[in-house]
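I open this notebook to record what I looked up in the structure shown below, going residue by residue and then by contact.

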Amino acid sequence: MDAVWVLVSAAVGIGFVHTLIGIDHTLPFVVLGKARGWSLRRTLWVTGLCGGGHVASSVLLGGAGIGLAIFATGLDLQEGHHWMEGRVGVFESIEAVRGDLAAWALVAFGLTYAGWSLARRRRQQRHVHEHAGGIVHSHDHPAAASHRHAPGETVGIAGLTAWSLFVIFVLGPCEPLIPILMVPAFQVGLWAVVPVTLAFAVTTIATMAAVVALAYRGLDFVRFPRLRAHVHTLSGLAIASSGLAIMLFAV
């Protein structure tokens, strides 16, 4: 039992640090929540949904590895441990590929969102009018006007951005979780996987929510009136930057 508590404590510590230093775990939710005018409650709901998918995908991969090891060795945990040690590189390669996909997906999502924002703002600012006699002219509208949404547009785009983030986070690996799953499974017992996994999952999602909530409320005190018209574009670029940070610094 002491070994399990040690593993649970390690899972809590690793989950906390891994989430805290991973800017991609929090920044996208903060900037999108503010840009789209989501309430803190809705922002945290999206954060929790994506965090759950992020952890669950790695749990499934790790669980599949444990299942294959046990099946291949006839339910012998000791032999399963040796079998798994020889194939850890395979799972690490899968996680590496998933990490690259998630990073590129964040970059693509952020740049697409920024591009959509620029195009939409330009379209809403400039209107063409035709008057009697065939006279046609165009004029620009103030930047504030570009912040209004057409009926139904807000709901559609907000839902799309939330589910796009969910898919990206499901693709994204939770690299520390794989070894955390393997150790209790083969050295303590399969039952120990449950508390260790729950400790890691709860810590990861709770840390994501706490950081997002603090940053969200912190931005309430920041005022940049001149940048308000560009908030969606800047949010997209910030999300793309978090994807680049994953690739450059492997956070």
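**Aromatic pairs**

I began with Phe 169, which is buried at a relative accessible area of 4% (buried is under 20%, exposed over 50%, partly exposed in between; 1.4 Å probe, protein chains only). I note that the model is predicted, so local features need pLDDT of at least 70 and side-chain atom pairs pLDDT 80 or more, while totals for chains, interfaces and linings use all residues. Residues are numbered from 1 along each chain as written, and side-chain values use heavy atoms, without hydrogens and water.

How many aromatic pairs does the structure hold? I find a count of 4 aromatic pairs (ring centres of Phe, Tyr or Trp, by its six-membered ring, within 6.5 Å; planes under 30 degrees apart are stacked, over 60 edge-to-face, the rest tilted). One of them joins Phe 29 to Phe 169, and I enter this pair as tilted, with 5.1 Å from centre to centre and 45° between the planes. The two rings come from distant parts of the chain, since Phe 29 belongs to helix H2 (residues 27-35) and Phe 169 to helix H6 (residues 153-171), 140 residues apart (helices are DSSP runs of H or I, at least four residues, and strands runs of E, at least two, numbered from the N terminus). Phe 29, like its partner, I find buried, with a relative accessible area of 1%.

I turned next to Phe 109 and Tyr 113, whose ring centres lie 6.3 Å apart with the planes at 25°, so I log this pair as stacked. Both residues sit in helix H5 (residues 88-125), 4 residues apart, which is about one turn of the helix. Phe 109 is buried at 12% relative accessible area, and Tyr 113 is buried at 5%. I also note that Trp 116 joins Phe 109 and Tyr 113 in one aromatic cluster.

**Helix H2 and the core**

Why do I call H2 largely enclosed by the rest of the structure? I find 7 of its 9 residues buried, and therefore the helix is largely enclosed. The buried residues of H2 are Pro 28, Phe 29, Val 30, Val 31, Leu 32, Gly 33 and Ala 35. After H2 comes Gly 37, for which I read a positive phi, near 75°.

The largest nonpolar core has 21 residues, and those with the most contacts inside it are Phe 29, Leu 32 and Leu 165 (a core is buried Ala, Val, Leu, Ile, Met, Phe, Trp, Tyr and Cys joined through side-chain atoms within 4.5 Å). H2 provides the largest share of this core, 5 residues.

**Salt bridges**

How many salt bridges does a search of the whole structure find? I record 2 salt bridges (a side-chain nitrogen of Lys or Arg within 4 Å of a carboxyl oxygen of Asp or Glu). In one of them the side chains of Asp 220 and Lys 34 meet at 2.2 Å, N to O. That pair again links distant parts of the chain, with Asp 220 in the loop between H8 and H9 and Lys 34 in helix H2, 186 residues apart. Asp 220 also meets Arg 217 in a salt bridge, at 3.3 Å, N to O, and I therefore enter Lys 34, Arg 217 and Asp 220 as a network of salt bridges. I list Asp 220 as partly exposed at 25% relative accessible area, Lys 34 as partly exposed at 27%, and Arg 217 as partly exposed at 46%.

**Helix H1**

Where does Leu 7 lie? I place Leu 7 in helix H1, and at 18% relative accessibility Leu 7 counts as buried. The C-alpha atoms of Leu 7 and Ala 192 are separated by 8.9 Å, although these residues are 185 residues apart along the chain. Val 17 also lies in H1 (residues 2-21), and I find Val 17 partly exposed, with a relative accessible area of 45%.
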